[in-house]
Structure formats: C-alpha cells, structure tokens
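Visitor: Could you take me through one part of this predicted model in close detail? I would like a careful account of a surface position and its surroundings, followed by a look at the aromatic side chains.

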Amino acid sequence: MDKPFLAFDERAAINAGRWFASLSAPLRHDILRSAYVRRFKDSEIICARGDPARVWAAVARGAVRVGGSPDAGKPVTLTYVEPGAWIGDIGIFGGGIRTHDAYAHGDTTLLQVSHDDLLRILEVHVELYGALLRLNAGRLRHMFRQIEDLNTLPLRARLATKLKSLMRSYGMPLRPDSGEIRIGLSLAQQDLAGLLGASRQRVNRELKLMEREETIRVNQGSLVVRCPETLSRIARRA
C-alpha cells in the first residue's frame, strides 16, 4: 500500500526543484495541500499514450522514463524526468490526453495533483499561469538546444554534454576526497544511445575511449565520472 506522505528526502527533492522554489510560499502551500502521493515499482507504467490527462505531478524519488512505442521497431526513450521536476501539464492543457508513454525508472515516487484541483489552484493563484508559461518556455528552449546539438555537434561532444546533464541531476560523490562523481541513474547503453540519436555501437566506442582517457569509468549498472573537468572540456570542443 502507498504511504500517504512524502519521506523527508522526497519532500526535500520537491522543495529543491528550481521551478517550484520560484513560486510564492502561499502557492507552494496550496499545491502541496492539494497533492497526494503515488509510488511505482521499477518499469511500472505510469501512463500510456492516449490516456486521459487527469493529473499533474512532480517526481519526488527515482525517475520517469518518457518515450513512445513506434508501430515498427523498438520503444524509443525521449527523456528521463528527474526529482524536483513537474510533468503532465502539457497533456492537461493541450488536448486532455497523454502524448507519450511514461514508466517508472527505479522505484519512483510521484506527488500528484488532480486536474480539478489544479484548476481550483489556478482560480486562487493567478501567478501560476505565468509560472506554467515559464516552465514550458524552459522546456522549449531545452528542446531547441537538443535539436541544435543533434545537428551540429559530433557524437563525442553530445555524449559529454549528456553525461554532464545526468551528473548534475543524479550525481553523487563517490568518496569525499576523490573528486569522482557516480551517476545514480542506471542506464542501458541502448537507452543512452536513444537519447543521443546514435547507435549503441557508436556510443559504446565513445564510452570506451573516454574510459581509456580516464575521464569516466563504466561499472555494471552505473557510470562514474572520474574527471568532471575533462568531461566539460570535451563538451566545449565542439
């Protein structure tokens, strides 16, 4: 059975989200007061493309893998949504249906607000309209940046940029004195390749090259950034 309340670290992840932290205290209070907790096991489906868009949600633990299932070929992973990020508003305001499949990646906790409660909050807090516009403008900028990178950067630079992003969202110091960062999100090479618009074989070659250069270390089920500064230099060389 789902625990009805967020754990301390889950609430901390919500409060630390940059967008949520930018809201006024009364608005944050009313969002949290209206929300309820849902927990999902690894690989459990959260919603499917075409489902009614009934909830707005924030990731409090784990990650949400967003993608699609083409008519032919393997499922495609488009992005992973990290703790502190809010999702679902596009479906609610953009036609009332989910546009992609979403699965839990690892044990995942969502803080959810129903469609009706979201509309009630909007009636009371007009600032939320502008805040949602800022949220989606940020998503749009990120999407344009990814399209530009895909069309202009070599794979090596795209991979370094993606690893830097994953390190910021999921990085944990391996040891206090080592300077090495473990990326806590476990990704199969096929999924990483999908995020980069490349084949698994090409991504594997680049990972092995970075490993020989002692920039990263690939462990079973995880990846360690041994030298974040070198990773940044690779990303800037494009």
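Guide: Leu140 is partly exposed, because its relative accessible area of 41% falls between the limits of 20% for buried and 50% for exposed. The residue belongs to helix α6, which spans residues 127-152, and together with Met143, Phe144 and Ile147 it makes up a nonpolar patch on the surface, the four sharing about 370 Å² of accessible area.

Turning to the aromatic side chains, a search of the whole structure of this predicted model gives four aromatic pairs. One of them joins Trp19 and Trp56 in an edge-to-face arrangement, with 6.0 Å from centre to centre and 85° between the planes. This pair links distant parts of the chain, since Trp19 sits in helix α2 (residues 18-21) and Trp56 in strand β3 (residues 55-68), 37 residues apart. Trp19 counts as buried because its relative accessibility is 12%, and Trp56, at 0%, likewise counts as buried, the cut-off being under 20%.

Another pair, between Phe20 and Trp86, is stacked, with the centres 5.6 Å apart and 25° between the planes. Phe20 lies in helix α2 whereas Trp86 lies in strand β5 (residues 86-87), and the pair therefore ties together parts that are 66 residues apart in sequence. Both Phe20 and Trp86 are buried. Taken together, Trp19, Phe20, Trp56 and Trp86 form one aromatic cluster, while Leu140, the starting point, is partly exposed and contributes to the nonpolar surface patch.

Key: Residues are numbered from 1 along each chain as its sequence is written. This is a predicted model: local features need pLDDT of at least 70, side-chain atom pairs count only at pLDDT 80 or more; totals for chains, interfaces and linings use all residues. Side-chain values use heavy atoms; hydrogens and water are left out. Patches are made of residues with over 30% relative accessible area and no salt bridge: like charges are joined within 9 Å, nonpolar side chains (Val, Leu, Ile, Met, Phe, Trp, Tyr) within 5 Å. Accessible areas come from the Shrake-Rupley method with a 1.4 Å probe; for residues, only the protein chains shown count as cover. A salt bridge is a side-chain nitrogen of Lys or Arg within 4 Å of a carboxyl oxygen of Asp or Glu. Helices (H or I, at least four residues) and strands (E, at least two) are DSSP runs, numbered from the N terminus. Buried means under 20% relative accessible area, exposed over 50%, partly exposed in between (1.4 Å probe, protein chains only). Rings of Phe, Tyr and Trp (its six-membered ring) pair if their centres lie within 6.5 Å; planes under 30 degrees apart count as stacked, over 60 as edge-to-face and the rest as tilted.
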